[in-house]
Amino acid sequence: MPETFEQLLDRAASAFGIDSGFWDIWGRYHTTTQEAKQAILRGFGLAADNREELERSLAALTRREWEGLLRRR
């Protein structure tokens, strides 16, 4: 079964070290919103407005990483 956009966004966010939430100084937990995850990923240069854009961005990133490894050989 293919990933939903939310699952793909969560996976991408996790790969870039974006936490699912945080505790404030008063001990309240705040969940990182989908919009915040998208904005942070855009800051990393990934298009993350919809599933197709995010899939293409992640595929391009993976391709660049592999190409970089191949050039080092």
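What share of the contacts in the protein with a separation of 6 or more comes from residues 24 or more positions apart?

**Solution.** Start with the term: a contact means heavy atoms within 4.5 Å. Residues 24 or more positions apart then account for 49% of the contacts with a separation of 6 or more.

A word on the model before going on: it is predicted, with local features needing pLDDT of at least 70 and side-chain atom pairs counting only at pLDDT 80 or more, while totals for chains, interfaces and linings use all residues. Residues are numbered from 1 along each chain as its sequence is written, and side-chain values use heavy atoms, leaving out hydrogens and water.

**Exercise 1. Find the order of helices and strands along the sequence.**

**Solution.** Take helices as DSSP runs of H or I with at least four residues and strands as runs of E with at least two, numbered from the N terminus. The protein has 3 helices and 2 strands. Along the sequence they follow the pattern α-β-β-α-α.

**Exercise 2. Describe how helix 1 meets helix 2.**

**Solution.** Two packed helices are described by the angle between their axes and the distance between the axes. Axes are lines fitted to C-alpha atoms, for helices over the stretch in contact, and angles run from 0 to 180 degrees between N-to-C directions.

- Step 1: the axes of helix 1 (residues 5–15) and helix 2 (residues 34–43) come within 10 Å and cross at roughly 50 degrees.
- Step 2: angles under 35 degrees count as roughly parallel, over 145 as roughly antiparallel, 65 to 115 as roughly perpendicular and the rest as oblique. Helix 1 and helix 2 are therefore oblique to each other.
- Step 3: on the helix 1 side, F5, E6, L9, D10, A12 and A13 make the contact, and on the helix 2 side Q34, K37, Q38 and L41 do.

**Exercise 3. Place G45 and state whether G45 is buried or exposed.**

**Solution.** G45 sits in the loop between helix 2 and helix 3 (51–72). Buried means under 20% relative accessible area, exposed over 50%, and partly exposed in between (1.4 Å probe, protein chains only). With a relative accessible area of 63%, G45 is exposed. From C-alpha to C-alpha, G45 and D10 are 16 Å apart, with their positions 35 residues apart in sequence. For the whole protein, buried residues make up 26% of the 73 residues.

**Exercise 4. Give the dimensions of the box that the C-alpha atoms fill.**

**Solution.** Taken along the principal axes, the box is roughly 50 × 30 × 25 Å.
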